[in-house]
Amino acid sequence: GSAANIPFVWVQLKQLNNMIQEELTEEQYDVIIQRLKELASHPQSHLVNDFLDKFRRPLYERQRQVRTGQLRNGVSEAVGRRKTAVAVVKMKRGEGKLVINKMSLQKYFPSMEHRNQVLFPFMATDQLGSFDVNATVQGGGLTGKAGALRLGISKAMLSFSQEYEDILDKAGLLVRDPRMVERKKPGQKKARKKFTWTKR
């Protein structure tokens, strides 16, 4: 795919200050990042990719070596993380039984969206109903937990067959999503939301 289709993480305010040896305000930083984004979305942006790459990195950076699950006595164990959630996945060949924190998948994740996230590695590799999973997951909300389980399951699958690696990799299932909740800013309601300004 073209560079324009790759999601990027832009340089943080602190890093930018160090790069240019200036103390920028949040407003100045926002303007600079906005200009860089406009430049990146320009049809001719490939001409200045080297310049842009100083201020950004790909959101999903593939680790050189994915830590696959450890296979012992037919059981693969792997760890997945997402936001502040950590999942420990134990997986073996079976008939598709999924137990999360001693509860069924349906009970633990009432939302279909979260359930699909967890099952996505099996769907992508056409292995739905071929493995039994027993997982414990801690921290974060349901979205973080589903993401952590998805990564843990993907890594555990690699212990059974390396041919899954290509499929899982292309589906972006072997890298941790590094996005975290953005912190609330002083003088603002939330991370991005500002207070309503009223003219007195």
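In this predicted model, helix α7 spans residues 163-170 and includes E165. With a relative accessibility of 25%, E165 counts as partly exposed, since the buried class is reserved for values under 20% and the exposed class for values over 50%. Along the chain, E165 and M91 are 74 residues apart, and their C-alpha atoms are separated by 16 Å.

M91 leads conveniently to the strands. M91 belongs to β5, where it stands opposite S76. The two strands concerned, β4 and β5 (residues 85-93), run antiparallel and are joined by 7 bridges. They form a hairpin with 2 residues between them, and K83 in this turn has a positive phi of about 50 degrees. On its other pairing, β4 is joined to β3 (residues 70-72) by 3 bridges, again in an antiparallel arrangement. Here R72 stands opposite V75 of β4. The hairpin of β3 and β4 likewise has 2 residues between the strands, and N73 takes a positive phi near 50 degrees.

Strand β4 itself, covering residues 75-82, shows a neat alternation of its side chains. S76, A78, G80 and R82 point to one face and are buried, whereas V75, E77, V79 and R81 point to the other face and are not buried. The arginine on the buried face deserves a closer look. R82 has a relative accessibility of 13% and therefore counts as buried, the cut-off being 20%. A polar atom of the R82 side chain lies 3.1 Å from the backbone oxygen of R179.

Attention now turns to the aromatic residues. A pair of aromatic rings is described by the distance of the centres and the angle of the planes. The count comes to 4 aromatic pairs. One of them joins F122 and F131, whose ring centres are 6.2 Å apart and whose planes meet at 25 degrees, so this pair is stacked. F122 is buried, with a relative accessible area of 3%, and F131 is buried as well, at 1% relative accessibility. F131 also pairs with F160, this time in a tilted geometry with 4.9 Å from centre to centre and 50 degrees between the planes. This second pair links distant parts of the chain, as F131 lies in strand β8 (residues 131-138) and F160 in the loop between α6 (142-157) and α7, 29 residues apart. Both F131 and F160 are buried. Taken together, F122, F131 and F160 form one aromatic cluster.

The last feature is the largest pocket. Rolling a probe the size of a water molecule over the atoms shows where empty space is left. The largest pocket has a volume of about 1,200 Å³, and 35 residues line it. Nearest its centre lie W10, Q12, Y29, E182 and R192. The elements that give two or more residues to the lining are β1 (8-10), α1 (13-20), α2 (26-40) and β2 (56-58). Among the contributors, α2 gives the most, with 7 residues. By residue class, the lining divides into 16 nonpolar, 15 charged and 4 polar residues.

Key
Residues numbered from 1 in each chain as written. Predicted model: local features only at pLDDT ≥ 70, side-chain atom pairs only at ≥ 80, totals over all residues. Heavy atoms only, no water. 1 Å grid on protein atoms, 1.4 Å probe; cavity = no way out; pocket = protein on both sides within 12 Å on 5 of 7 lines; lining within 4 Å. Points joined across faces, edges and corners; volume = space filled by probe spheres on them. Helix = DSSP H or I, 4+ residues; strand = E, 2+ residues; numbered from the N terminus. Nonpolar A, V, L, I, M, F, W, Y, C, P; charged D, E, K, R; others polar. Buried < 20%, exposed > 50% of the residue type's maximum accessible area, 1.4 Å probe, protein only. Phe/Tyr/Trp six-rings, centres within 6.5 Å; stacked < 30°, edge-to-face > 60°. Pairing = 2+ DSSP bridges. Polar contact = N/O pair within 3.5 Å; in protein donor to acceptor, adjacent residues only side chain to side chain.
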